[in-house]
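User: I am new to this structure and would like a close look at a single part of it. Please describe the open sheet and the helices that pack on it, and then set that part in its wider surroundings.

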Amino acid sequence: MAAQAKPARNWKDIDLRAVAPFAALILLLIVGALVNPNFIGLANLANVATRSAFIAIIAVGATFVISSGDLDLSVGSMVAFVASLMIIFMNSGAIADPHLMLVAAVVFTLIAGAACGLANGLITTLGKIEPFIATLGTMGIFRGLTTWLSQGGAITLKSPELQTIYRPVYFGSILGIPVPIVIIFAVTAVAAFILYRTRYGRHVVAVGSNRDVARYSGITVDRVRTIAFVIQGLCVAIAVLLYVPRLGSTSATTGILWELQAITAVVVGGTALKGGAGRVWGTICGAFILELVGNIMLLSNFISEYLISTIQGSIIIIAMLVQRSLVRKS
Amino acid sequence: MAAQAKPARNWKDIDLRAVAPFAALILLLIVGALVNPNFIGLANLANVATRSAFIAIIAVGATFVISSGDLDLSVGSMVAFVASLMIIFMNSGAIADPHLMLVAAVVFTLIAGAACGLANGLITTLGKIEPFIATLGTMGIFRGLTTWLSQGGAITLKSPELQTIYRPVYFGSILGIPVPIVIIFAVTAVAAFILYRTRYGRHVVAVGSNRDVARYSGITVDRVRTIAFVIQGLCVAIAVLLYVPRLGSTSATTGILWELQAITAVVVGGTALKGGAGRVWGTICGAFILELVGNIMLLSNFISEYLISTIQGSIIIIAMLVQRSLVRKS
Amino acid sequence: MKPEAVDGARTVLAAKRICKSFNGVQVLFSVDFDLKAGEIHALMGENGAGKSTLVKILSGFEQPTSGEILLDGKSVKLPANGAAEALGIVIIHQEFNLAEHLTVTESLFLGREITRFGMLDRKRMRAETRRALDLLGSHVNENALISSLSVADKQMVEIAKAISRDARVVFMDEPTAVLSREETRVLFEQVRKLRDAGTSFVFVSHKLDEVMELTDRVTVLRDGQWVKTAPTAMLDGEAIAQLMVGRELSSLYPGKREPDVDGEIVLSVRGLSTGFVKDASFEVRKGEVLGFSGLIGSGRTELMEAVAGLRPRVAGDVRINGAPMASGDALSANAHGLAYMTKDRKSKGLLLNAGMTANLTLQSLERHSRLFYLDPKSEAEAMTRAKRRFDIRVRDANIVAGRMSGGNQQKLLLAKVMETEPQIIIIDEPTRGIDVGTKQQIYHFIAALARDGHTIIVVSSEMPEVIGLCTRVAVMREGRIVGMLEGEEISEREIMRYAAGLKKQDAA
Amino acid sequence: QETKTIGVSIPAADHGWTAGVVYHAERVAELIRKEHPDAKVIVKTSPDPASQANAVQDLAVQGLDALVILPTDPDQLVNAIKEVKAAGTFVTIVDRAPSVLDNSVRDLYVAGNNPALGEVAGQYIKANTPDAEVVVIRGMPIPIDQQRQDGFDKGIAGSNVKVLDRQFGNWNRDDAFKVMQDYLTKYPKIDVVWCQDDDMAVGVLQAIEQAKRTDIQYVVAGAGSKDMIKRVMDGDKMIPVDVLYPPAMVGTAMELTAAAIFNQVPVHGTYTLDATLITKDNAAAYYFPDSPF
Ligand SMILES: Nc1ncnc2c1ncn2[C@@H]1O[C@H](COP(=O)(O)OP(=O)(O)OP(=O)(O)O)[C@@H](O)[C@H]1O
Ligand SMILES: Nc1ncnc2c1ncn2[C@@H]1O[C@H](COP(=O)(O)OP(=O)(O)OP(=O)(O)O)[C@@H](O)[C@H]1O
Ligand SMILES: [Mg+2]
Ligand SMILES: [Mg+2]
């Protein structure tokens, strides 16, 4: 009967759209394997997954902001700023014991990230400024403050002791899995739980889908939006916690254009830029895809250095076309 | 009577929102005059207006794309690409007579720009890819092609004769007004006419505010969107026509981040990023504001060079707050 | 409830001297209103009379400019934005209040989700949604996205949402405008049940028969003023209509004119199938008014959209004056003189943020083009004409479409489609939310069009409308045309029998 | 002879100088391949430190015998380089040195001399126009830019040369044009412009020409692009000299590295290239008309 045919149809439809980014991912893996036999090696894939951590984690935060119908352009500069603050804090030597210092620095970083996110949220909601402009403004602010803190140079973690303790957070592994990969999945799992299984998550989607409806349903729209920005700030802070042990230093150029990459990961992952739907797992899939494209470029030795961005751009478009055709077939 | 009081008030309301960017502009002029007496000099203001030409003209095109509910991130790279093509064309020496050559090059450039825009439009509409991703892809493609054409270096206009003929297009003036300023106003006037006074303009706004309504009203949505991208491409070509005579060369770095500036100009000018409303005059006002902020920074003596982007970011946010409070008071 | 009982009952919610202005334009003038416990109170009035505004004020969605609201006899300031729900006051908005990206279950529980240990209890919410929908006899899947629902189904979700909350007062702003007789019957059953349990209802509707059937008392507004409150039993339809319009109404429907049986066939549809509609065939002649009837989701809208080229078809062909139309080609259908008026005025019909004129001329801009440019004067003239022709009443000429009263939006939409001067007009719910006075005008207008040789297809869930207006009626059921009635056959009983599947005919 | 792989990691061509680096890296890679038929030379470009760290990792995955790296930002790449070095790969760092530069990081260091680039320019200005009022256009806020500024200050130390202003021009012609326009508005009298980069000099010269200002005596740029060297050769008054900071140094480093791994030539330690002052007399020796830069 028709009444029964209906839900089934719907189910398939939803499924395919969620699956599409993963299909694109698999396609890329195949292309990569053809390009260079080293590609499909475990070491290489682990490398790629590990270094996608920064963008992936930031993009998870961006999924909240975008689902709620906003946009955050400041995340790249925020990484630079929060990382500078963290290193300066550790260099201050305020706490003698290095382990204690590290713990304090982690807490400090999370607070700093949340505060930056809160600032974005308040400027956007209280100030009633388009998020694009508001966060473009804070992007400049964070970037400038970083330049000023670093006096145009770099800020480098001084204590070799701290470096040694901290290093494994990026370079170590748990049960054979690199720590950053573990953290990506932990962050994504928590985010997916919040977005799909809690009241707040529902409200995020409702606010992004239709602000008036959300307001009429008794949801405090501005609070939901602000919290999304704070979540974004926390995700940036977590990315910083991984970034600092990797490069051990930051400068005014850290994180340039990461906001674009994060947004791209979110959109490639299937979340619409207009808000109203979030796909957290799709997002990290999107981040992997972006990193894989770069990796394939690097491993392929027959593409002119000059044409890299051309090929990269084409791959992104083709991957999206593949996704679309998959969804449309359903 | 109430019925009569209403229209008058409404007028004021609409007016104020349109006037707000201009208020912010005037505010900035006052701030600038306080910062440095040279600021308010005719020479300086003409400089600022002149060099805002590129962003202003590109942003006029972006107003169409954004009003129709899309987004074009590729304009910066497109400038570089189209400029490279133009210079290569002129260097080819295909036409001996320099005047004829220049005319041919202008036509060629306009066609090239329109073609790039068309490509963006078709990928977005036929491919049904989010414009953010589609144009991010072509952004990479154009940038890569430029790098490849220039082999990473610069492409320089060779013929000194052509340079001499062409130079006045940027550096000359008509009735004492620098040519670029004249062109900004001409382009904006044409754009305003198209957007406010033609069928196509109405369709753009309808498509941007609700695609379904547009479709049910017999509008071919995809065609309207594609044409908006083509208009954007033409505007980029016009910007290129001004850009090339300025330095007589382009490089792989030309136009980097101009897309962000163009979008910012559009949004500062009062057009919503969600589509459905376009304010062309506001857009060029936005472009002036952006350029002025940079100019004031440089002319002021008391800001550390490291903090410039911080102050710039803050000024943008403050200017928007001023605008908002103006509108809300109405 | 008997009139005597109403007199004795306690007053739950009352409005005293409520005034309301929007941007200095007054729309309510010192209105009094009171609602007793366990009554169903009808609120009647012409389009733009202020019914929705009053209802919104009494449920906290708008604040009155002056006046007082009494809840249980105590003066209160109702909290904004649906927070009045905590006081037991819920509302079914005239314009839907659903987020397109959410599912039915998510919408039903938005803002009051059930959680267990901080986690959403999705299973329970789904079950309760199912229960609420079943009570209303709705087939809507509780996991379906709102964006995939038809207007009528959205209306059902809105109703389920309101009724499932244990409310003391339920405001229903034209809940039945898009429901067919059958759905309305089930709804009324539920409403009566709840009323008997003590819930009070305010029922806004333009369907006089429903008001007579369901309600205990009637309050009539005219031009923002209170006119009368009286027990329903003491009034009849005529009297109410007269109170509303301020004049006597002649017969609602114009005389039917049998079309020329040899008239040319202007539209012919053969074996049309879409995803849901199967093998639909029919023909319409010049000057004919063909009706389409059926239950919610019987596929009328889908069929008409396919005919108009707004939806691709998987099989079959459509010919206008003999010329075949390509699938999904709305432009060429338009060019051949076919126009379709959607019933989903909010998301498919009008640009809610644009003014009236921009909406009116959107579909027919070429008529106002002078060389390259649009002539504002000619557009303004069109607007003046349309206002007169369709009796569009607004107090503020610069109002955006989204702020107009529901009925006036509908008139604007009709005017917009008619601006294209089509030869074949498919109207989906022509009088959705339109008051009796204007309804009459529209019916006469349709009849006049037919007399002038236009061809009209009326898709309607209001059975009297189909019966009073059409010379032939097609009945759809589960995506198929199951009957084609003519002349004497056209009666409520016959149509119902086909629609409910009790009778079937091999439609030509 | 077994196959040997040399990985070369350099910044992406984001302005003229880095474009030169890419050009020379490709050129020398071709030379090495010709000279050693079983050599595999892989050149990779990266736009920023984080992606360069990735590139280094990706090169390592392919099995490297030697790595030549011109870091975008040395301190941020130390960890990545150490990783490669720890695997026993021969590491050559070019141009930019991390703050810790010992055997755990590199075998060979071919140093461009950033402080000297500033110092030579400063000294020239000090010697020729001892009372000059100078405006400075900086590059981007990264350490090498800071080193050049410090070098410049050292060069002019003890003279009457006065720095009126320093602003960032992002090593970009368009930005330099704007900054110069504003300098010209701001300061009624400017004697000398130091813009430390040939790309930026293009914009600076246009701005001066447009304003028709005659007070500016000359512009000192740097790097050694063919256009600027041509001007020096031709005796252009505005560009009397140029400070050499050759992108070709990456080629030198690659050649030295190839020598080390193929011919076991013992090249270790630091090779510092000079920041030569190019004048009309020696310009011809540095003029390569075929280079893109
Ligand atoms: N938010 C608003 N801003 C301005 N005017 C408004 C607003 N809401 C309603 N109005 C105006 O108030 C008047 C009354 O509208 P209301 O929606 O209450 O009418 P109604 O009786 O419900 O009519 P209908 O039967 O057509 O639904 C109309 O003229 C309408 O344009
Ligand atoms: N029982 C059902 N099973 C599956 N799908 C159904 C069912 N009923 C309706 N539908 C869906 O509803 C749509 C048909 O609704 P349509 O709007 O065309 O009908 P309608 O007769 O105009 O009724 P409505 O008054 O609800 O608009 C189809 O898209 C179909 O998928
Ligand atoms: Mg109403
Ligand atoms: Mg329907």
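Analyst: The account below begins with the sheet and then turns to the pockets, chains and other elements around it. The model is predicted.

The sheet belongs to chain D, where six strands form an open arrangement in the order β7-β6-β8-β9-β10-β12, with mixed pairing. Strands β7 (162–168) and β12 (277–278) of chain D stand at the edges; each has a single partner strand, so one side of each is left without a neighbour in the sheet. At one of these edges, β7(D) pairs with strand β6 (residues 133–138) of chain D in the parallel sense, over six bridges. Within this pairing, D:Val134 has D:Val163 of β7(D) as its bridge partner.

Two helices of chain D may be described against this sheet. Helix α4 (residues 114–128) of chain D packs on the sheet and touches β6, β8 (192–194), β9 (218–223), β10 (242–244) and β12 of that chain. The direction of α4(D) makes about 160° with that of β9(D). Helix α6 (residues 173–186) of chain D also packs on the sheet, touching β6, β7 and β8 of chain D. Its direction makes about 155° with that of β6(D). Strands β6 and β8 of chain D are thus touched by α4(D) and also by α6(D).

Chain D also contributes to the second largest pocket, which has a volume of about 1,000 Å³. The lining consists of 39 residues, and those nearest the centre are B:Thr156, B:Gln163, D:Val202, D:Asp227 and D:Arg231. Elements of two chains supply at least two lining residues each: α4 (75–91) and β1 (154–156) of chain B, together with α7 (198–211) and α8 (226–233) of chain D. The largest share, seven residues, comes from α7(D). By class, the lining comprises 15 nonpolar, 11 polar and 13 charged residues.

The relation between chains C and D is another matter. No contact joins these two chains, and their closest C-alpha atoms lie 37 Å apart. Five pairs of chains do touch, and among these the most contacts are between chains A and B.

Chain C offers a further example of strand pairing. Strand β1 (residues 11–22) of chain C runs antiparallel to strand β2 (residues 25–36) of chain C, and eight bridges join the two. In this pairing C:Lys20 stands opposite C:Leu28 in β2(C). The hairpin of β1(C) and β2(C) has two residues between the strands, and C:Asn23 takes a positive phi near 45°. Strand β1(C) is also joined by five bridges to strand β4 (residues 66–71) of chain C, again in the antiparallel sense. There, C:Cys19 stands opposite C:Ser66 in β4(C).

Chain A, finally, shows a helix packed against another helix. Helix α3 (residues 53–67) of chain A and helix α9 (residues 179–197) of chain A pack at an angle of about 5°, with their axes 9 Å apart. Because the angle is under 35 degrees, α3(A) counts as roughly parallel to α9(A). Residues making the contact include A:Ala56, A:Val60 and A:Phe64 of α3(A), and A:Ile184, A:Val187 and A:Ala191 of α9(A). The contact has 12 nonpolar residues, one polar residue and no charged residues.

Note on methods. Residues are numbered from 1 along each chain as its sequence is written. Chains are lettered from A and ligands numbered from 1 in the order in which they are written. This is a predicted model: local features need pLDDT of at least 70, side-chain atom pairs count only at pLDDT 80 or more; totals for chains, interfaces and linings use all residues. Side-chain values use heavy atoms; hydrogens and water are left out. Axes are lines fitted to C-alpha atoms, for helices over the stretch in contact, and angles run from 0 to 180 degrees between N-to-C directions. Helices (H or I, at least four residues) and strands (E, at least two) are DSSP runs, numbered from the N terminus. Angles under 35 degrees count as roughly parallel, over 145 as roughly antiparallel, 65 to 115 as roughly perpendicular and the rest as oblique. Contact means heavy atoms within 4.5 Å. Ala, Val, Leu, Ile, Met, Phe, Trp, Tyr, Cys and Pro count as nonpolar, Asp, Glu, Lys and Arg as charged, and the others, Gly among them, as polar. On a 1 Å grid over the protein atoms alone, a cavity is a set of points where a 1.4 Å probe fits but cannot get out, and a pocket is an open set with protein on both sides within 12 Å along at least five of seven lines; lining residues have an atom within 4 Å of a point. Grid points are joined across faces, edges and corners, and a volume is the space filled by probe spheres set on the points. Two strands pair if DSSP finds at least two bridges between them.
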